[in-house]
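Please go through this structure with me as a series of questions and answers, beginning with the way its interior is packed and then turning to its sheets.

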Amino acid sequence: MPTHEKILVAMSGGVDSSVAALLLKQQGHDVAGAYMKNWVNEDGVPAHCPWEQDIADARAVAERLGIGFQVVNLMRDYRERVVQYLLDGYAHGLTPNPDIMCNREIKFGVFRDWAREHGYDAVATGHYARRVEGMWAGCPHPANDGRGRPSHNFSLLEGTDKNKDQSYFLALLSPAQLADARFPIGDLEKPELRRLAREAGLANADKKDSQGICFIGQVKMTDFLRAHVPDHPGPIVRATDGRRLGEHRGLHFYTLGQRKGIGIPSNTDGKNYVVVGKRAADHALLVAFEEPAAPGLFTREVGVHSLSWIDRPVTASGALEGRVRYRDPRVRLEFFPGDDAHSARVVFREPQRALASGQILAFYDGDRLLGGGVYA
């Protein structure tokens, strides 16, 4: 990173992005903060959406640090690029990941574009991830940075705090987006980060970490879907013998591997039903008892599409590691490129549970994030 840059920090009102701004200012950069106003609950969804308090917290931190602050309205873009993606996915029986899409389309998409248009060199966030330079040894063709010039060779590593690592959520970024990204807290453990916030007198030093859909708030996904996707009832069918066990309100309320909320008692001691599939032809929800032999629950081979590489593209078959979902450990796999550059076949060394269509598989080489793809 150059010794002096003009950097816009995406300040959410939480302690992570606040310390990101603190560290960048201490390093001598020209820093300003901005809150991305992406969503206002206008649809009556039961939820706690604390965006007004978050703006107040972010503004208070900016004032404490002596940096500029403003609110950037990206609501239209967020609805078009993230909310619509979320709703379309569930309406088609998929399990989308709005947090990953928010990073690609909003934080390092339209927000990054806005920052560049206003003279900033880079965008910083409070992600627990590390951006490093020079790991593409011998790469003859550096990535284009989106401005018509070659970028440096950058790679993205997991955060030092493995309990907080968020590299998975950055799996669909492009090399050009990574070139403009800064992750100041990636080397910190969470307790140390809070200590720095307290020492700096930041009012949100002990603020609880936010939960829920990216920038929508603490809303249950079922409540959000109920407000936006019409119910489409269908049968609940036992996958092992085709027996009808009941009726569901809509396939979009369920995802592969789900144990709770199915509404069907097992009537068998020590066994509980789990969702193992969705059948589009008759809108059937397929269930089975939770066990290794449950049809469709465990798999060793899966297709992925919409491949995106944050690092040098993988074009040959070979051994990699993958994170099948956030907070799961990396697992070993064999990668086989497909007929086009955007698809592949993946064979896991060990069977993996509940790989839901529409979710994201992140590829790694050790702690280095390579990119990601979408389960077919």
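Q: Which helix gives the most residues to the largest nonpolar core?
A: In this predicted model, the largest nonpolar core has 58 residues, and those that touch the most other members are Leu 8, Ile 106, Phe 111, Leu 156, Leu 170 and Leu 369. Nine residues of this core come from a single helix, spanning residues 98-117, and no helix gives more. The helix asked for is H4.

Q: How many residues make up the other core, which includes Val 19 and Leu 65?
A: This core lies apart from the largest one, and Phe 69 and Ala 197 are also among its members. Its residue count is 30.

Q: Which residues does Leu 170 touch, not counting those up to four places away in sequence?
A: Leu 170 is one of the residues that touch the most other members of the largest core. With residues up to four places away in sequence left out, and with contact taken as heavy atoms within 4.5 Å, the list for Leu 170 includes His 127, Ala 129 and Ile 310. In full, Leu 170 touches Asn 103, Phe 108, His 127, Ala 129, Leu 156, Phe 183, Ile 310 and Leu 369.

Q: Which backbone nitrogen lies 2.9 Å from a polar atom of the side chain of Gln 166?
A: Gln 166 sits in the loop that runs between strand S7 (154-158) and helix H5 (175-179). Beyond its neighbours within four places in sequence, Gln 166 is in contact with Gly 126, His 127, Tyr 128 and Tyr 326. The nitrogen at 2.9 Å from the Gln 166 side chain belongs to Tyr 128.

Q: Why is one side of S4 and of S8 left without a neighbour in the sheet?
A: The five strands of this open sheet follow the order S4-S2-S1-S5-S8, with parallel pairing. Strand S4 (68-73) and strand S8 (181-182) therefore each have one side without a neighbour, because they stand at the edges, each with a single partner strand.

Q: At about what angle does H4 run to S5?
A: Strand S5 (residues 122-124) pairs with S8 in the parallel sense over two bridges, and Val 123 has Ala 181 as its bridge partner in S8. H4 lies across S1, S2, S4, S5 and S8, and its angle to S5 is about 135 degrees.

Q: What is the bridge partner of Tyr 273 in S13?
A: The open sheet of four strands has the order S11-S10-S13-S12 and mixed pairing. At one of its edges is strand S12 (273-279), which pairs with strand S13 (residues 284-289) in the antiparallel sense over six bridges. The partner of Tyr 273 is Phe 289.

Key:
Residues numbered from 1 in each chain as written. Predicted model: local features only at pLDDT ≥ 70, side-chain atom pairs only at ≥ 80, totals over all residues. Heavy atoms only, no water. Core = buried A, V, L, I, M, F, W, Y, C linked by side-chain atoms within 4.5 Å. Buried < 20%, exposed > 50% of the residue type's maximum accessible area, 1.4 Å probe, protein only. Polar contact = N/O pair within 3.5 Å; in protein donor to acceptor, adjacent residues only side chain to side chain. Pairing = 2+ DSSP bridges. Axes fitted to C-alpha atoms, helices over the stretch in contact; angles between N-to-C directions.
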